[in-house]
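Trainee: Could you take me slowly through one part of this structure, explaining how its strands are arranged, and then show me how some of the helices and a single residue fit in their own surroundings?

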Amino acid sequence: MNDVGDMTFSAGGRLWSVRADAHGLWSRMLARRRSVAWADVADLRVRVTDTYKYGQYYRVSVLQRDGREWRLPAPYRGGAPDDGAFDADVAALRALHRRYGAPESDHLVVISNRTAGGAARVVPLALTLLLLAAAVGTALLAPRLGSEQAAWRSAAPCAADAPAGERDTCLTTLPAVIAEADAAPSNRPRQSSWLYLADGRPMERVEVSADAAHAFRPGDAVELTLWRGQVMEVVGEHHAWREHVPGPGSAAVLSAVLALAAGYPAAKLVLRRRWRRLPDDEVLPSALPFAGALAGTALWLLPLCYLRPTAPLDSGVTIGWAAAGSLVTLGLLGWAWRATRVRRPEPVGAGEEPAAPDQDVFVSARFLEPTDYNPHHFGTHVVIGGGPPAVTPHPGPGRFAALPIPTERLSLRDVRRARGSEETIPRSWHVAEFDDAGTPVRLAAAPVDLARLVRRLDPAGAAAAYARLAPAAAPGAAGRNG
């Protein structure tokens, strides 16, 4: 990389490269070249992509003023330990943009699957449709499994003079002797277990469960029960094995489980649609409350599906069961809807003081930058009340290893919701931005706890910051969700 007046980024030799100077950006990837002037660039962003095998990949994306967005082939970070080169390159590119262009945002916008501008829409939609299709297909199997199970339960032994063509619908009993039992290892539960029959009569082997293969011994005399050309029972003197015949209840339960599972990715889509007007790098609420609502629904729906798989509303009892369960589900969904609302920073009066002013209160909070009072990010709590505010690596009791916070150096600048670059904190936490004698620092905590902390760290700044935020009842400015 050259100085800020003329920079060139390259990666992968001659396969791809990026160049930036006073005139704009140039990108080359194999047979494709793109360029854009700084005047047409609205913002330079960082896109975070989660991969199963290699972890997170960070790429720089260019947001143009016409709404189009494209990712640069370099610089990038991922698959290797972070050496700081990516952050330095991003800072240099943004410095060029600030000098020769007009960025829309004054901070680095980091977009991931946690944020409103994340691109994870196709995957949840495809997963929802796939699970729903599987649920419908499984539900259609329930009547067939019911007829199969009823036929097996009603099957009678074959008559001695029954012709061969009719023996599939009745039970045929044949004697056999176990020659060898081959049980699957316990560490391979999916491997088949077999009973080998002496002289290969009436067949060479029978597939059974691992427990049955352990129970039978070579030389055991057994009786085989055949139905529709399949061995359904192996009965010996000391042990008996019977083939499991799934009923309609199992299919109905599996169908309900698949349908409920489809609700979770659908909830993610709903949340993205609901909060689509949030800035692209603001963190979305978690969809876990909807997972709780789905789990609560499963408590009443699955037993009903198992007991009444083909006619769930055939009596007054089941109708009442379904009606009461539906009301419970509606209540849980209402709770989940409320729990996933976007909470804006509240007025400072919402932060409650400790009941006893001289008693230490440990608040779960974290400074996101290393400082002299938070070396190496060691702090997990801030203690207030019985003494000066301090950072501690524990939730108390006592101020062991506590480092006092120099409140005289801190000046509150802003209180806001979490952004995509702050992925190490819970989604529901808010962030307070302070000026620490010229150095920006951030303090993250739950909304009410943060209001309490900033009032202790900078009372005047807290009152001014929350006064600015008080009229903002809407969920923020609309972002470009690319």
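Mentor: What follows is a close look at a sheet, then at two pairs of helices, and lastly at one serine.

Please keep in mind throughout that this is a predicted model. The part to begin with is an open sheet of 6 strands, whose order across the sheet is E11-E10-E9-E12-E13-E14, and the pairing is antiparallel. Strand E11, covering 205–208, and strand E14, covering 240–242, are the edge strands, since each of them pairs on one side only. From one strand to the next the twist averages 40°. As a general point, strands of a sheet pair through backbone hydrogen bonds, and they may do so in a parallel or an antiparallel way.

Within this sheet, let us start from strand E9, which spans residues 172–182 and is joined to E12 by 6 bridges, the two running antiparallel. In this pairing proline 175 stands opposite glutamate 223 of E12. Strand E9 is also joined to strand E10, residues 193–197, by 4 bridges, again in the antiparallel sense, and here aspartate 182 stands opposite tryptophan 194 of E10. Moving the other way along the order, strand E12, made of residues 221–227, pairs with strand E13, residues 230–235, over 5 bridges, and this pairing too is antiparallel. One example is leucine 224, whose bridge partner in E13 is valine 234.

We can now turn to the helices. Two packed helices are described by the distance between their axes and by the angle between those axes. For helix H5 (residues 288–307) and helix H6 (residues 316–339), the axes come within 8 Å and cross at roughly 170°. Because an angle over 145 degrees counts as roughly antiparallel, H5 and H6 are described as roughly antiparallel to each other. Among the residues that meet in this contact are Phe290, Trp300 and Leu304 in H5, and Trp321, Leu332 and Trp337 in H6. Sorted by class, the residues of the contact of H5 with H6 divide into 15 nonpolar, 6 polar and no charged.

The second pair is helix H7 (residues 447–457) with helix H8 (residues 459–469), whose axes come within 5 Å and cross at roughly 135°. H7 and H8 are therefore oblique to each other. On the H7 side the contact is made by Leu450, Ala451, Val454, Arg455, Arg456 and Leu457, while H8 contributes Pro459, Ala462 and Tyr466. By class, the contact of H7 with H8 holds 7 nonpolar, no polar and 2 charged residues. Helix H7 has several buried residues, namely Pro447, Leu450, Ala451, Arg452, Leu453, Val454 and Leu457. What covers these buried residues of H7 includes H8 together with strands E15, E16, E19, E20 and E21.

Finally, consider serine 105, which lies in the loop between helix H1 (85–100) and strand E8 (109–111). Serine 105 counts as buried because its relative accessible area is 15%, and buried means under 20%. The side chain of serine 105 makes a polar contact with the side chain of aspartate 43 at 2.6 Å, and the side chain of serine 105 also reaches the backbone oxygen of histidine 107 at 3.0 Å. Leaving aside residues up to four places away in sequence, serine 105 touches Asp43 and Arg94.

Key
Residues are numbered from 1 along each chain as its sequence is written. This is a predicted model: local features need pLDDT of at least 70, side-chain atom pairs count only at pLDDT 80 or more; totals for chains, interfaces and linings use all residues. Side-chain values use heavy atoms; hydrogens and water are left out. Two strands pair if DSSP finds at least two bridges between them. Axes are lines fitted to C-alpha atoms, for helices over the stretch in contact, and angles run from 0 to 180 degrees between N-to-C directions. Buried means under 20% relative accessible area, exposed over 50%, partly exposed in between (1.4 Å probe, protein chains only). A polar contact is a pair of N or O atoms within 3.5 Å; within protein, one must be able to donate a hydrogen and the other to accept it, and residues adjacent in sequence count only if both atoms are side-chain atoms. Contact means heavy atoms within 4.5 Å. Angles under 35 degrees count as roughly parallel, over 145 as roughly antiparallel, 65 to 115 as roughly perpendicular and the rest as oblique. Ala, Val, Leu, Ile, Met, Phe, Trp, Tyr, Cys and Pro count as nonpolar, Asp, Glu, Lys and Arg as charged, and the others, Gly among them, as polar.
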